[in-house]
Amino acid sequence: MMKKLLSFLLINIGSLGVAVNVHFFLSPNDLATGGVSGLSIVISNVFPDLSLGLIMLMLNVVLFIIGFIFLGFQFGAKTIYASFALSFMVWGLEALFPMNQPLSDDLLIQLIIGQIIAASGMAIVFHQGASTGGTDIFAMILNKYFSIEVGKGVLFSDLAIAVSSIFVFGPAVGMYAFFGVILNGLVIDYALQQFNHNKEIVIISRESEQVRHFIVHNLGRGATIHYARGAFNQEDKEVITTIMNRKDYTRLKKYMTAIDNKAFITVHSMNEIMGQNFKRLA
């Protein structure tokens with residue numbers, strides 16, 4: 001129950017980060033950097049009497065209906081909740097903190113700060129196995145019927161929205177929106193890597209048994225032992241492969257320095273790990 005409550009809290013925190021960007025940074029500057037929020041900013045220019053949050057809410061309803069028609073019930077409860085939570089948060093921020101003008105005359109710094117906040121929030125939502133919906137639905141439809149990768153589908157949809165803003169807000173603002181889409185993707189990727197900052201460590205040591213015992217019993221990690229033969233002296237050796245986070249790797253490195261400072265160790269950063277004790281396959 002505590003794990004579910006924590007996940008629920010994190011989804012709300014992440015959604016709030018995206019809402020803050022939409023309300024305080026994107027909307028006052030007419031920056032349509034993709035997604036439902038970007039499309040809503042474009043539409044709000046055509047229908048200025050409608051609240052941005054209300055437009056986002058209506059678009060989400062339409063998109064989920066389209067998704068159910070073409071994809072079936074493939075959306076998790078977390079994604080549906082996060083999508084509508086974001087819309088209501090933007091709506092609430094509009095009511096509590098109305099924005100009549102941008103926070104600054106410097107459009108670029110607002111774009112960078114806002115996209116960093118939003119991308120960090122989206123990474124938190126993604127890490128909880130959810131998304132904020134929106135153009136993800138179009139991407140899933142493209143994937144199903146045209147075999148286009150979901151990541152590319154999202155990028156194409158967001159870029160199309162950014163390009164459309166050129167015709168509504170002018171080329172200068174449109175180019176900033178285009179840059180915002182690229183920046184958003186880069187920051188999300190970086191933030192997700194920090195959540196999953198595990199390392200694959202390969203060790204060849206004369207004290208192989210002690211190293212294995214330390215990894216399993218002191219660090220509580222698993223390991224795989226391979227048997228190999230050195231090319232130079234033809235000696236049989238044990239090769240230990242394990243995966244651990246930065247904190248455990250620091251402890252292991254300190255231990256290795258104490259017992260075998262001539263051990264051969266290679267370390268690889270892992271972008272994604274699935275399977276036992278890590279991210280579930282489905």
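Reader: Which residues form a nonpolar patch on the surface?

Author: Patches are built from residues with over 30% relative accessible area and no salt bridge (a side-chain nitrogen of Lys or Arg within 4 Å of a carboxyl oxygen of Asp or Glu), with nonpolar side chains joined within 5 Å and like charges within 9 Å. Here the patch consists of L155, F156, V163, F167, V168, F178, I182 and L186, together offering about 750 Å² of accessible area (Shrake-Rupley, 1.4 Å probe). This is a predicted model, where local features need pLDDT of at least 70, side-chain atom pairs count only at pLDDT 80 or more, and totals for chains, interfaces and linings use all residues. Residues are numbered from 1 along each chain as its sequence is written, and side-chain values use heavy atoms, leaving out hydrogens and water.

Reader: Which element gives the most to the nonpolar patch?

Author: Helices are DSSP runs of H or I, at least four residues, numbered from the N terminus. Helix 7 leads with five residues; L155 lies in helix 7.

Reader: Is H23 buried or exposed?

Author: Buried means under 20% relative accessible area, exposed over 50%, partly exposed in between (1.4 Å probe, protein chains only). H23, in helix 1 (residues 2–26), has 5% relative accessibility, so H23 counts as buried. L155, at 36%, counts as partly exposed.

Reader: What does H23 touch?

Author: Contact means heavy atoms within 4.5 Å. Leaving aside residues up to four places away in sequence, H23 touches P28, L93, E94, F97, P98 and M99. Its side chain also reaches the backbone oxygen of L93 at 3.3 Å.

How values were computed
Helices (H or I, at least four residues) and strands (E, at least two) are DSSP runs, numbered from the N terminus. A polar contact is a pair of N or O atoms within 3.5 Å; within protein, one must be able to donate a hydrogen and the other to accept it, and residues adjacent in sequence count only if both atoms are side-chain atoms.
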